[in-house]
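Trainee: I am new to this structure. Please take one part and go through it closely, then place it in its wider setting.

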Amino acid sequence: MLKRKAADEIKKWLDSKNKKCLIIQGARQTGKTYIIERFAEENYEELVEINFKQLPSARDIFAGDLTVDNMVMAMRFRFPEKKILPGKTMIFLDEIQECQEALTSLKFWAIDNRFDVIASGSLLGIDYKRASSYPVGYVDYVRMYGLDFEEFLWGMGISKDMTGKLCDYLHSRTVIPEAIHSQMMNYYRQYIATGGMPEAVQKYADTKDFREVDRIQRNLLQGYLYDIAHYATAEEKVKAEKCYLSLAKQLLDKENHKFQYKEVEHGGRAQKYFSSVEWLLRADMVHLCKLVTDIRFDLDDYARDDFFRAYTTDLSLLMAMKDFSLKQYIVENTLEGNSKGGIYECAIADALYKKGYPLYFYKNETAKKEIDVIIQKEGKVIPIEVKSGNTRASSLRSLMKNHKDIGCGYKFADGNTGVSEDRIITLPLYMAAFL
């Protein structure tokens with residue numbers, strides 16, 4: 001059984017004094033249903049689970065007056081074997097995007113506050129036209145992603161104590177013993193090739209067979225393409241699929257990783273495809289890294305909506321867009337050219353995205369300077385360069401020299417820890433998961 005950090009977030013919700021309903025957000029197949037079911041097993045006597053895709057007739061429970069007594073009575077008739085008792089029963093509304101009335105009902109469950117209600121669903125963001133009935137103010141949120149590298153290590157049998165030791169090395173900025181460092185790099189390459197989708201990680205943990213992992217990754221990708229076909233408007237279906245399937249080419253096959261519409265279709269333009277990228281963003285199928293025109297807080301004030309990089313929300317999906325041989329090259333560390341730099345940039349972006357950071361980048365064509373990723377925390381800007389080897393970070397060094405107000409910058413590299421006099425901290429690539 002894979003250990004997930006989201007379980008701790010759900011426990012915090014359960015222990016909170018001002019409890020609301022809880023919505024678990026996130027892309028499909030990231031383990032939302034699984035973790036909620038396991039959490040219910042450990043914390044409640046009874047679970048009433050309604051999956052609106054699997055059981056569409058259950059919408060009738062929410063078809064009348066949305067009082068808690070009426071809904072509970074309807075559930076008792078529908079599930080007579082269940083003991084639905086306050087404080088002892090969790091009510092789990094899965095794939096809630098399929099029943100708008102159930103989504104609206106969360107307000108009344110929260111006001112009543114006798115029952116613990118958790119809702120989950122993929123593609124919650126695409127139904128923005130009916131946002132007026134969204135229970136704003138009556139729900140808490142936990143966002144689930146695919147496994148990050150630390151969770152992957154737990155799945156490989158590495159204990160929390162051992163991953164905690166990596167955090168100690170990070171905080172003390174000391175060199176990691178070579179035996180540990182080389183093993184972590186091996187695990188990291190395995191993680192990139194596998195990605196963080198739970199089904200793919202579990203299969204790798206059980207079999208260590210990348211052919212089996214590849215099969216699952218491709219099935220997951222087909223599921224995402226099915227969602228585009230099923231949920232996108234008729235106008236967007238083909239365009240959104242083309243944009244999504246272009247991501248591997250955008251990120252791995254060319255030196256400039258900016259999203260370019262000409263890579264979607266010969267002669268493609270933003271006017272035709274930008275709405276499709278927005279749909280993918282709302283559907284949790286991509287996340288964006290926006291260009292900023294200046295490197296200062298607040299970065300969002302300097303971000304350009306029309307100039308961005310687009311990443312898959314998990315590396316498993318990116319791997320499925322390429323030939324199986326890419327996994328072999330990654331694990332054997334024989335990648336070369338644009339693909340090597342691109343894959344590590346994607347991996348660092350993936351790690352930071354899973355930590356909840358909005359991502360930005362900076363590029364100055366005149367000065368030939370580029371900062372791969374920029375994040376901000378507690379009012380401070382943190383520039384980051386990613387190196388597939390351990391070469392000099394000339395752009396980052398120049399930036400730090402000209403911006404004395406920036407406290408530190410990070411260089412993630414295929415090397416060990418180090419701190420330079422110009423406030424640049426060099427860290428192994430895998431340390432982005434522990435930042």
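Mentor: The answer starts with one sheet, then turns to rings, cysteines and a second sheet.

This is a predicted model: local features need pLDDT of at least 70, side-chain atom pairs count only at pLDDT 80 or more, and totals for chains, interfaces and linings use all residues. Residues are numbered from 1 along each chain as its sequence is written, and side-chain values use heavy atoms, without hydrogens or water.

Take the open sheet of 5 strands. Its order is 2-3-4-1-5, and the pairing is parallel. Strands (E, at least two residues) and helices (H or I, at least four) are DSSP runs, numbered from the N terminus. Two strands pair if DSSP finds at least two bridges between them. The edges are strand 2 (46-51) and strand 5 (139-143); each pairs on one side only. Neighbouring strands of this sheet turn by 20° against each other on average, direction ignored.

Begin at strand 2. Here 5 of 6 residues are buried, so the strand is mostly covered, because buried means under 20% relative accessible area (exposed is over 50%, partly exposed in between; 1.4 Å probe, protein chains only). Strand 2 pairs with strand 3 in the parallel sense, over 6 bridges. I50 has L93 in strand 3 as its bridge partner.

Now go to the other edge. Strand 1 (residues 21-25) and strand 5 are joined by 5 bridges, again in the parallel sense. I23 is matched with Y141 in strand 5.

A helix crosses this sheet. Helix 4 (residues 100-112) lies across strand 1, strand 3 (89-94), strand 4 (116-120) and strand 5. Contact means heavy atoms within 4.5 Å. Helix 4 runs at about 145° to strand 1. Such angles run from 0 to 180 degrees between N-to-C directions, with axes fitted to C-alpha atoms, for helices over the stretch in contact.

Next, the rings. W109 and F115 have ring centres 6.0 Å apart and planes at 85°, so they form an edge-to-face pair. Rings of Phe, Tyr and Trp (its six-membered ring) pair if their centres lie within 6.5 Å; planes under 30 degrees apart are stacked, over 60 edge-to-face, the rest tilted. W109 is buried, at 1% relative accessible area. F115 is buried too, at 6%. The whole structure holds 17 aromatic pairs.

Then the cysteines. A search of the whole structure finds 0 disulfides, a disulfide being a pair of cysteine sulfur atoms within 2.5 Å. C99 is in none; the nearest cysteine sulfur, that of C21, is 14 Å away. C99 is also buried, at 1%. The sulfur of C243 is 17 Å from the closest cysteine sulfur, in C346, so it is too far for a bond.

Last, a second open sheet. It has 8 strands in the order 7-6-8-9-10-11-13-12, with mixed pairing. Strand 7 (303-312) and strand 12 (418-419) are the edges; each has a single partner, so one side of each lacks a neighbour in the sheet. Strand 11 (residues 409-413) and strand 13 (residues 424-428) run parallel, joined by 5 bridges. Y410 has I425 in strand 13 as its bridge partner. Helix 16 (residues 394-402) lies across strand 9 (369-377), strand 10 (380-387), strand 11 and strand 13, at about 60° to strand 9.
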